[in-house]
Structure formats: C-alpha cells, structure tokens
Amino acid sequence: MKTRRCAGPRLRETNSQLHRHWTRLGVCLFGLVMAATAAADVTIADNGKSNYRIVLPAGAIPAERYAAEELQHYLETMSGAKLPIVTDAERLASREILLGNNARMANLRPKVDFAALGPDGFVLRVEGNRLIIAGGRPRGTLNGVYTLLEEKLGVRWFTPEVEVVPKLKRVRLPKGTETRGPALQNRDVFWREMMRSADFAARHRVNGQHYGLTAKHGGPYTICYPFVHTFDALVPPALYQEHPEYFPLIDGKRKSGYVQRCLSNPDVLKLSIARVQQWIQEHPEATIISVSQNDTINNCQCEQCKGLDDAEGSPAASLLKFVNAVAEAIEQDHPNMLIDTLAYQYTRKPPRTIRPRRNVIVRLCSIECCFSHPLETCPAGENRRFRDDIIAWGPVAPLIYVWDYTTDFGHYQQPFPNCDSLQSNVRFFVKHGVKSLFEQGNYSSGGQGEMEPLRAYVLAKLLWNPQADVQRHTQEFVNGYYGKAAPKILAYLDATHRPVREKGLHSHIFDPPTAAYLSEDIMRQAEQLLDEAEQLAENDEVRFRVQVARLPVWYVKIATNRVTGDARADLVKRFVAIARKAGVSNISEGTSLNDWAKKQGAE
Ligand SMILES: [Zn+2]
Ligand SMILES: [Zn+2]
C-alpha cells in the first residue's frame, strides 16, 4: 500500500477554447442568479476596476494568507481588477473583503462561532459594503474562498491542468449569510488524479494525507502512521525462529510467513505497545497510529484466541481486546493520539460485548461488495452483510472510518459501472455515522484508469457534500474536459452502465474482462461511440483525452481475444503507445504496463 508522494503541482495551462466556452456559460448562469437578486447585490469589481481590498487578520496563519492570494488571483483573472491585500492592523476602509477571524468583526452580530465551524467549515456573509469569509482554522477560510469562487462565481477546476475562469465585466454577489461545513471530517479521494497536485486537491477541499498538503493548504486532517496492515512492523516475522508462539496457530501448527499474530500472547502485546510508543516518538507529525491486521486471513486459532472469538461471535473480539490494550497503554501520555484498526474481511462483524475504547478508530472496508448498485439497496448477499455490519458497529464504536473501493483493481483499464451508486454510498456511510471516507481508486504512480479525471472530480464533490448534484457535476465536467466530444462520452457512460441498471448485473472490484456487463454487444456500442467522440474532438488536446478514455474498450477487446492476428497486434501497439503517452504506469494494482505489454507481445 506504499504510495509515491505527489510530485507537486504541474504547470497550470488555460485551455483557451474551453475558456471561451465556459465564459459564455458562466456569464449566462451568473446572469440568471443575479436577475432575481440585483437589488440586493454587492459589486466587488466593475469594468476592470475595484474599490475593494482584501483584509487578513494581523496574525493570519499561512492557509489564510494563501486564501487571500488565491482570491486575489482569481478575482483578477475574471475581472481584470487586482485587489490589494492588507491586514486588520490598517485603518478601516469603506469597502472590504474580510478573511478569517478578523478584528473588523468585533461588533458583528450574530458573532461567528469559530469553534463550531471546526477545522474546515466557514461562514460566507455579504452585507453593506463588505464580504466576509470567516472559517475555522486551519482550512476553513481557504475552503470558503474556493466555495465562493466555484459556486458563486463559476470557476471550475476540472484537472490540475484544465481550469475555467469566467470573464466577468461585473463581479457581483447577492447579500446574505450562509454557514457551510463538510459532511465528513476526513475526505480522501485516493485516485492518482487527485494526488498529482496539492493545490488542486486543496481547491477540491479534500484533506487526506496523501496529497502533500502543506501549511499554506492548512495541511491534512490527520496523519496515520504507519498507513495500514502493520502486524509485520509491530512483531517482525523474523521473531518466528525464536518465538513461534507469537504467531498464529493454524491446523495445529504455529505458522510463519504473511500471517496474523497470536493476539492473546502477553509478549505480543508488550512488543506492540513498545513499538507504538517508539513510532509516536519518531513521528511527531502522526495523529493516528495504525495497529491493524495484515492483508490476509490466517488468524490465530489457539485455545485462548479462538475461545474468546467463539464466545463473542467474531474474530474481531481478540483483535479489539488487543487493540484496546494498546490504546489504553498510550492513553495517559498521549490523550489525543488515536489508534486505528480495521474491520476487514474476517474481522468485519463486531463482537458481542467488547467495545472499542474512546481512542480507537474502527475502519470498515467494503471490499467484498457489489458496487454497481447502492450498498443500501443492492440485494446481493455481500451487500446485505456489509450493511448489517456497519449498522451493528454504529452504536458501539466511537469513531467509524470507512475504506471504500471505486475501481476494478484487477483491471484499472476496464469499464467499471459504479457511477450510479457513488452518491448513495457516500450518503449511506454518512447516515451511519462514518466520519472519514477513504475512496480508493487507481493510486498507481501513473494513474489514468478508466474515466479517472471524472471519477476523482465527482468523488471530491460528494465527500464535501453528499447531497451534491452529481448529474450536473458530471455534465459540467464532461462538457468542460471533452468539449465537442462530450455528448458521445456521456452516451458511452450510459452504455457501459446500462447492463447493471437494466439487467441487475452486480460488479466487484476484481471482475475479469469477461464480466457479463462487458458483453461483446455493449463493448461494440461503446467503441462506436468513442470513435464518433474522437471525430468530434475540436483539437489535438481534446482528441488525446478521448483516446485515453477509449483505452478501456480496447483493453477488454484485447483481453477477451475479440480481436485476433495482425489486427490484434496492431491494437496492442496503439494501446501501449497511447497509454505510455498518457503516463499510465499500471494495468492493475499488481501489473505494470510494461509487463503487460511484454505479455501481449508488444515488446
Ligand atoms: Zn492465539
Ligand atoms: Zn449489485
């Protein structure tokens, strides 16, 4: 699960054609909103000029200073007016944009309750001759600036390279107050597309630990060290030689290799506590320490472990008893440190009576589920069982996090028809008290899995607001990113989702290219649509985006041998050339593009 840190922001380019397209749309949408509220508007800039200035608190933190710079930059790009940035130590002016916990707000009624806003929430207030964007620290004010730019002024960040800023003759805002905050404390879109640029991730208001968010972005919400599957690091496999009793008893023998540990052994607990204390010392940046099972089954069946698990009706019992003991041991010295463990595969069902301590996070994983249909309503047994488990953990776990899956990990380059269920699943998690959502996708160093930029975009919107209008966001993205080819891309999405909608076919994250929902008929339709999309593309840049979008159709065709002989060799060559140009590194979680290409005879 180790991942490369993102290499930092890439150069932002403005796509002039998209820009023009969006400028028209932006002005049009804005005009509609304004028509209803024109009487109560505040005009920030008019005809390239502004009388406003941006006022920071004198003691602003880096994320608030960056919020001021971002606001200044985008207001200038859209209106031509560059607003000065000053602090509240300067004399009051008649027209001001106030950021953060500003001294200017001393007499503001009602007062902004910063504590209630948490680290990400904010108040947006337009009144008299001022605009207030006041957020909790560290990220609230920056989130407020991005929300204003995106939702009120029409800015769109489709990818790190493709952004759209409407040109506005007048920048006007309707008067009013709103308080906003995210539905989830920790929002993690674990797709490479979202990890390529920390600036881009911050604009999407995600706050996971893999984006490289620095102080100017307000940093990540939490830092979990080590990330996951930590038993080998807690009690090293090499100890087996001298202490086989630390390792699981399976079929009457203590087993070595990639296995779990004997969690009722007191020395295993002692070693683990010592290692956790060492990690806390060595990693002062960590806010969560992971004490979590290895990525396998092989759990201990010794009399004590099994006895407890049987009595409690779940192997989560011996795990949780052990994790609670570690959490108790560090609690006094580190009252804010949390211990994270998994409810994963064999440990997903909660024990009957053992309860997680107040400083223990239980992280459920939906790995077995069908993702074409909502977790809440899909009739598949695996979804019913997951549903039962999350509902059972709800009242007993103080902190529930979820590790969710949003691609085919066996075949990143394969249509995965899960778009219909993304929103219902996020809502379902939030409804059952989940505080942190980790949406795992194609996290390989090169990314670019099926419809990756769209997926990353929509997931980020949902993690901030589970009620987001997914259809609108999808259409805006596809229009903005694929230009004139957009209608065919939308038709492609429709075609690849039709079998799971109409025939009730389920989909899982290791489905092969022979999956029923990828039938020859559907794939032929998909190829036809993407052919047409490629012909409609208005320039080379957009054409290349369409070519990347059609890789999955070719991938299935090659993998299912629906193309043979020279035609196959030619298709493999074209696939590899486009995939390399797009930067694809992996064809699946465990197979590189190069290895796959060799196997197909492309090298
Ligand atoms: Zn045991
Ligand atoms: Zn299903």
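**Entry 1: V402 and its partners**

I started at V402, whose bridge partner in β19 is L437. The model I am reading is a predicted one. I then looked for the residue facing V402 of β18 in another strand, and found L364 standing opposite. L437 of β19 also turned up as the bridge partner of R187. I noted these three pairs before moving on to whole strands.

**Entry 2: The strands behind those pairs**

I looked up how β18 and β19 run, and they are parallel, joined by 6 bridges. β11 and β19 are parallel as well, with 5 bridges between them. On the other pairing I checked, β17 covers residues 360-365 and β18 covers residues 399-405. These two strands pair in the parallel sense over 5 bridges. I reminded myself that strands of a sheet pair through backbone hydrogen bonds, either parallel or antiparallel.

How many residues of β19 are buried? I counted 6 of its 7 residues as buried, so I wrote the strand down as mostly covered.

**Entry 3: The sheet as a whole**

I put the order together next. The sheet is open, has 7 strands and reads β11-β19-β18-β17-β16-β15-β12. Its pairing is parallel. Which strands stand at the edges? They are β11 (186-190) and β12 (224-225). Each has a single partner strand, so one side of each is left without a neighbour in the sheet.

**Entry 4: Strand β9 and its faces**

I moved to β9, residues 170-174, to see where the side chains go. They alternate along the strand. V171 and L173 point to one face and are buried. R170, R172 and P174 point to the other face and are not buried.

I also looked up a partner for β9. Strand β1, residues 41-46, pairs with β9 in the antiparallel sense over 5 bridges. Within that pairing, A45 has V171 of β9 as its bridge partner. V171 is also one of the buried residues of β9.

**Entry 5: Cis peptide bonds**

I checked two cis peptide bonds. One joins R137 and P138, with omega about 5°. P138 sits in the loop between β6 (130-135) and α4 (140-152). Another joins Y225 and P226, with omega about -25°. P226 lies in the loop between β12 and α7 (231-234). I noted that β12 is also an edge strand of the open sheet.

**Entry 6: Positive phi**

I looked up N298 and M451 for their backbone angles. N298 is not a glycine, yet its phi is positive, at about 45°. I found N298 in the loop between β15 (288-290) and α9 (303-312). M451 is not a glycine either, and its phi is also positive, at about 45°. I found M451 in the loop between β19 (434-440) and α13 (452-464).

Is each of them buried or partly exposed? N298 has a relative accessible area of 22%, so I list N298 as partly exposed. M451 has 4%, so M451 goes down as buried. The cut-off I used for buried is under 20%.

**Entry 7: G257**

I placed G257 in the loop between β14 (253-254) and α8 (266-282). Its relative accessibility is 40%, so G257 counts as partly exposed. How far is G257 from G449? The two are 192 residues apart along the chain, and I read 32 Å between their C-alpha atoms.

**Entry 8: The whole protein**

I finished with the overall numbers. The secondary structure comes to 19 helices and 19 strands. The C-alpha atoms fill a box of roughly 80 × 70 × 40 Å along the principal axes. The radius of gyration is 26 Å, which agrees with the value near 25 Å for a compact globule of 603 residues.

I then looked at burial and contacts. Of the 603 residues, 58% count as buried. Among contacts between residues at least 6 apart in sequence, 72% join residues at least 24 apart.

The accessible surface comes to about 24400 Å². Carbon and sulfur atoms make up 50% of that surface. Last, I checked the charges and noted 76 positive and 67 negative. Their mean positions are 5 Å apart.

Technical notes: Residues numbered from 1 in each chain as written. Chains lettered and ligands numbered in written order. Heavy atoms only, no water. Helix = DSSP H or I, 4+ residues; strand = E, 2+ residues; numbered from the N terminus. Rg over C-alpha atoms; globule rule 2.2 N^0.38 Å. Buried < 20%, exposed > 50% of the residue type's maximum accessible area, 1.4 Å probe, protein only. Contact = heavy atoms within 4.5 Å. Areas by Shrake-Rupley, 256 points an atom, 1.4 Å probe, with all protein chains shown as cover. Lys, Arg positive; Asp, Glu negative; His and termini not counted. Charge placed at Lys NZ, Arg CZ, Asp CG, Glu CD. Pairing = 2+ DSSP bridges.
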